[in-house]
Amino acid sequence: DLWWLAHVICGEMQCESYQDQLYTGSVVLNRVNSPLWSPNHSLEEVITSRRWGIQYACYWDGNFHREPTATNWEVARYLLENGSQIPYNVVYQSSRKQGKVWAHTKGAYYCYGEA
């Protein structure tokens, strides 16, 4: 799980703030547990899912396979030890709004799902 989470954080937000990395990793964890996103599946299954299109473009465009930074590893480890740091129903992270916005940072919008 650590490997998968560190790589998706790297691929999606490597050059963004610690906060964006934390929020993005939290969205991944929220999707693992969400009825909207294949509940009870592994991190790997959520990250590589093609349900509703490509979920994490970094997995398909090659950025996922870059070497995570020390911060990427630190954030992933923290999240796996402490759980998601955002509301459980924030399941969207994108450069554009995807529903009701929970937070907007320089790096992304973080939006609620319907469930």
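The exercises below work through the fold, the packing and two residues of one protein chain.

The model is predicted, so that local features need pLDDT of at least 70 and side-chain atom pairs count only at pLDDT 80 or more, while totals for chains, interfaces and linings use all residues. Residues are numbered from 1 along each chain as its sequence is written, and side-chain values use heavy atoms, with hydrogens and water left out.

**Exercise 1.** Find how many helices and strands the protein chain has, and in which pattern they follow.

*Solution.* Begin with the terms: helices (H or I, at least four residues) and strands (E, at least two) are DSSP runs, numbered from the N terminus. Counting these runs gives 5 helices and 3 strands, and reading along the sequence gives the pattern α-α-α-α-α-β-β-β.

**Exercise 2.** Decide whether the radius of gyration of the protein chain agrees or disagrees with that of a compact globule.

*Solution.* The radius of gyration is taken over C-alpha atoms, and the globule rule is 2.2 Å times the number of residues to the power 0.38. For 115 residues a compact globule would have a value near 13 Å, and because the protein chain has 13 Å, the two agree. As a further step, look at the C-alpha trace, which spans about 35 × 30 × 30 Å along its principal axes.

**Exercise 3.** Describe the largest nonpolar core and the helices that supply it.

*Solution.* A nonpolar core is a set of buried Ala, Val, Leu, Ile, Met, Phe, Trp, Tyr and Cys residues joined through side-chain atoms within 4.5 Å, where buried means under 20% relative accessible area, exposed over 50%, and partly exposed in between (1.4 Å probe, protein chains only). Buried residues make up 47% of the 115 residues in the protein chain. The largest core has 26 residues, of which Leu5, Val8, Leu43 and Tyr110 touch the most other members. Helix H1 (2–13), helix H2 (18–33), helix H3 (43–48) and helix H5 (70–82) each supply at least two residues of this core.

**Exercise 4.** Place serine 26 and alanine 70 in their helices, and state for each whether the residue is buried or exposed.

*Solution.* Serine 26 is found in helix H2 and, because its relative accessibility is 0%, counts as buried. Leaving aside its neighbours within four places in sequence, serine 26 is in contact (heavy atoms within 4.5 Å) with Leu79, Ser84, Gln85 and Ile86. Alanine 70, by contrast, lies in helix H5 and is exposed, because its relative accessible area is 64%. Finally, the C-alpha atoms of alanine 70 and threonine 105, which are 35 residues apart along the chain, are separated by 22 Å.
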